Amino acid sequence: MNARPQLKSLALDRLRDQFAAEGLPRYRADQVAAWIYQRGVEDPRGMTDLSHELRAHLQGSWALRALEVERVDYSSDGTAKAALRTHDDLLVEAVWIPEEDRTTLCVSTQIGCAMACSFCATGSMGFARNLTSAEIVDQVCRMREVVGSGRTPSNVVFMGMGEPLLNLDAVVEAVRLLIDPKAFGLAPRRVTVSTVGVVPRIGALLERVPINLAISLHATTDEVRSRLVPLNRRYPLEALLGALRGLDSVTRRRPVFFEYTLIAGVNDSVEDARRLPALLAGIPSKVNLIPMNPHPDSPYAPPEAAVIDDFLAALAGRGLTVTLRRSRGPDIQAACGQLALRTRAASAA
Ligand code: SF4
């Protein structure tokens with residue numbers, strides 16, 4: 001266990017305050033951030049424009065790495081999934097997804113998840129703990145180093161293990177570093193935080209950081225959604241979608257992304273497709289359809305191609321923007337809903 005505080009847990013304004021409290025010039029925080037987040041240098045000895053005293057201070061007082069790489073699996077489609085080890089010997093997963101025009105990194109926010117969604121491998125492993133903001137940020141640093149040849153991903157999605165809004169403060173702090181021009185410098189529209197619908201925290205997230213919101217919807221009736229996403233019993237569809245309609249930050253801003261995992265015989269009927277547009281009325285929406293990625297612990301399977309075609313046809317011309325998302329990295333269990341499989345198998349072993 002590393003007892004020194006994690007420097008990456010502080011967004012830049014807080015790091016400046018911290019340096020000032022220690023009697024250091026505030027601009028030194030900007031210099032340190034540039035070394036770590038822009039140049040990928042985490043050893044203070046390599047931060048050559050800092051004084052020897054400050055380098056020694058950083059080395060002695062702060063931990064600059066929160067995660068170590070345990071293993072990286074590469075998919076035949078170029079996707080890479082890493083298992084990263086925390087200081088208390090737990091594993092967390094991140095997925096690097098290269099595409100023609102962008103590179104997306106999917107990060108985790110918790111180890112395990114308490115939400116117990118029935119189609120999701122992470123949900124079946126239970127909850128261990130929240131990740132710190134340093135551990136969230138370090139997924140970007142480690143993946144950039146081991147998979148990206150030093151390149152920062154163009155997009156970051158909070159869709160890995162865990163429910164981000166149940167770790168809101170750490171997520172916000174990590175996002176602030178991602179979108180700070182003096183840290184990673186990503187455009188806010190290139191950062192997406194996904195939730196299964198922790199209704200009271202959605203507004204708080206969007207007020208604190210101007211990023212994209214994704215909702216894991218997965219059903220058009222409360223009966224089916226409660227089976228797939230148990231949190232729906234506490235915040236049913238009307239409460240979730242009504243709350244979104246009531247948020248200025250939603251109705252006046254970018255569209256909300258609705259993730260919809262298509263599961264054979266569960267939520268893939270033409271009636272489901274016909275219900276969707278009315279359900280999402282009044283919310284600027286984009287719907288991502290994702291055929292279920294099967295895994296051994298799940299009774300669910302993806303629909304046949306013809307059923308997916310019928311679902312799409314029933315949605316056509318109904319005013320919704322719909323994309324069918326091809327899963328990435330299913331051969332390494334890196335696809336949506338599959339995270340945690342190998343990690344859990346390795347832990348058991
Ligand atoms: S889908 Fe998301 S919220 Fe649900 S169990 Fe999996 S990780 Fe948790």
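**Exercise 1. The ligand shell**

Find the residues that surround the ligand in this predicted model, then sort them by class.

*Solution.* Start by listing the neighbours: Cys-113, Met-115, Ala-116, Cys-117, Cys-120, Thr-122, Gly-123, Gly-162 and Val-196 surround the ligand. Next, assign the classes, remembering that Gly counts as polar. You should arrive at 6 nonpolar and 3 polar residues, with no charged residue in the shell.

**Exercise 2. A buried acid**

Locate Asp-268 and work out which residues its surroundings include.

*Solution.* First, place the residue: Asp-268 sits in the loop that links strand E10 (256-262) to helix H10 (270-279). Second, look for a partner of opposite charge. Asp-268 is buried but forms no salt bridge, and the nearest such side chain, that of Arg-275, is 9.4 Å away. A salt bridge would need the charged atoms within 4 Å. Third, check the backbone: the Asp-268 side chain reaches the backbone nitrogen of Gly-265 at 3.1 Å. Finally, set aside neighbours within four places in sequence; Asp-268 then contacts Leu-262, Ile-263, Pro-303, Val-307 and Phe-311.

**Exercise 3. Two positive phi angles**

Take Asp-89 and decide: is it buried or exposed? Then do likewise for His-218.

*Solution.* Begin with the backbone. Asp-89 is not a glycine, yet its phi is positive, near 70°; His-218, also a non-glycine residue, has a positive phi of about 65°. Now find their loops: Asp-89 lies between strand E2 (80-85) and strand E3 (91-98), while His-218 lies between strand E9 (212-216) and helix H7 (222-228). Last, turn to accessibility. Asp-89 counts as exposed because its relative accessibility is 52%, and the cut-off is over 50%. His-218 has a relative accessible area of 4%, so it is buried.

Note on methods: Residues are numbered from 1 along each chain as its sequence is written. This is a predicted model: local features need pLDDT of at least 70, side-chain atom pairs count only at pLDDT 80 or more; totals for chains, interfaces and linings use all residues. Side-chain values use heavy atoms; hydrogens and water are left out. A residue is near a molecule or strand if one of its heavy atoms lies within 4 Å of it. Helices (H or I, at least four residues) and strands (E, at least two) are DSSP runs, numbered from the N terminus. Buried means under 20% relative accessible area, exposed over 50%, partly exposed in between (1.4 Å probe, protein chains only). Lys and Arg count as positive and Asp and Glu as negative; His and the chain ends are not counted. A polar contact is a pair of N or O atoms within 3.5 Å; within protein, one must be able to donate a hydrogen and the other to accept it, and residues adjacent in sequence count only if both atoms are side-chain atoms. Contact means heavy atoms within 4.5 Å.
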